Amino acid sequence: DLKTFEGPFKAYEHSERSFGESDFWAPEVVFHDGQFIMHYSARDPKEARLKIGVAVSKSPLGPFIDVYEKQPMFDLGYAIIDGHVFIDDDQTPYFYFVRDCSEHKYFDHYESHMYVSKLSKDLLSLEGEIKKILQPEQAWETNSGTHRWNEGPFVLKRDGIYYLMYSANFFASKEYAIGYAT
């Protein structure tokens, strides 16, 4: 009834298959080809770097099991967070993610940039060119001082227009805000 609920339930738990050991956040779950697929952010202890993991389950309640044993979904050599799956009308899947500002020195400050790539049909790996689509440029996006964030991508399509929803600025500041691009 969308008014009452049970839980919370632990849907994912760190295991011997996990690549990450801490800082688990930003899970996103999609139902695809008879299974639930979770993309999530976590810190890889080998490099102390944030990366994206992928886990699957037959139930939305879990347990979600990592697809790749002790490996992230992909590794581009820098911190990655906030994965998001968008499946277009022609069933082509895309994966949006953020190069985290924690390791990305950009001129005289640190800055997050948003990227997209085609995703494999099973939603478990990147497939194709990685393209930068957004970085903090507008005045309302650059109020965080030496660290500038654009994060949390979410894409939807309406009447032939793609809308990219995202957050900008430090999450614990009064400047933290939600914006969109088309």
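Start by selecting strands 12 and 13, residues 150-158 and 161-168. These two strands run antiparallel to each other and share 7 bridges. Strands here are DSSP runs of E with at least two residues, numbered from the N terminus, and two of them count as paired if DSSP finds at least two bridges between them. For one bridge to look at, pick E151 and then its partner S167 in strand 13.

Before moving on, know that this is a predicted model, where local features need pLDDT of at least 70 and side-chain atom pairs count only at pLDDT 80 or more, while totals for chains, interfaces and linings use all residues. Residues are numbered from 1 along each chain as its sequence is written, and side-chain values use heavy atoms, with hydrogens and water left out.

Now add strand 14 (177-181) to your selection. You have an open sheet of 3 strands in the order 12-13-14, with antiparallel pairing. Strands 12 and 14 are the edges, each pairing on one side only. From one strand to the next, the twist averages 25°; the axes behind that angle are lines fitted to C-alpha atoms, with angles from 0 to 180 degrees between N-to-C directions.

**Next stop: the largest pocket**

Keep strand 13 lit up, as it gives the most to the lining of the largest pocket, with 3 residues. Strand 6 (93-99) and strand 10 (131-134) are also among those that supply at least two residues each. To see the whole lining, select F86, D88, Y94, Y96, I133, L134, V155, Y162, Y163, L164, A181 and T182. A pocket, on a 1 Å grid over the protein atoms alone with a 1.4 Å probe, is an open set of points with protein on both sides within 12 Å along at least five of seven lines, and lining residues have an atom within 4 Å of a point. The volume is about 190 Å³, meaning the space filled by probe spheres set on the points.

What kinds of residue line this pocket? The lining has 10 nonpolar, 1 polar and 1 charged residues. Nonpolar covers Ala, Val, Leu, Ile, Met, Phe, Trp, Tyr, Cys and Pro; Asp, Glu, Lys and Arg are charged, and the others, Gly among them, are polar.

**On to strands 1, 2 and 3**

Select strand 2, residues 35-44. Of its 10 residues, 9 are buried, which here means under 20% relative accessible area with a 1.4 Å probe, protein chains only (exposed is over 50%, partly exposed in between).

On one pairing, strand 2 meets strand 1 (22-32) in the antiparallel sense over 7 bridges; click W25 to find it opposite S41. The two form a hairpin with 2 residues between them, and D33 in the turn has a positive phi of about 50°. Strand 2 also pairs antiparallel with strand 3 (residues 49-57), over 9 bridges, one of them joining I37 to V56. That hairpin has 4 residues between its strands, and A48 takes a positive phi near 55°.

**Last stop: the rings**

There are 15 aromatic pairs, counting Phe, Tyr and Trp rings (six-membered for Trp) whose centres lie within 6.5 Å; planes under 30 degrees apart are stacked, over 60 edge-to-face, the rest tilted. Show Y12 and Y40: their pair is tilted, at 4.9 Å centre to centre and 40° between the planes. This pair ties together parts 28 residues apart in sequence, because Y12 lies in the segment before strand 1 and Y40 in strand 2. Both Y12 and Y40 are buried. Add F19 and F24 to see the cluster that ring pairs build with Y12 and Y40.
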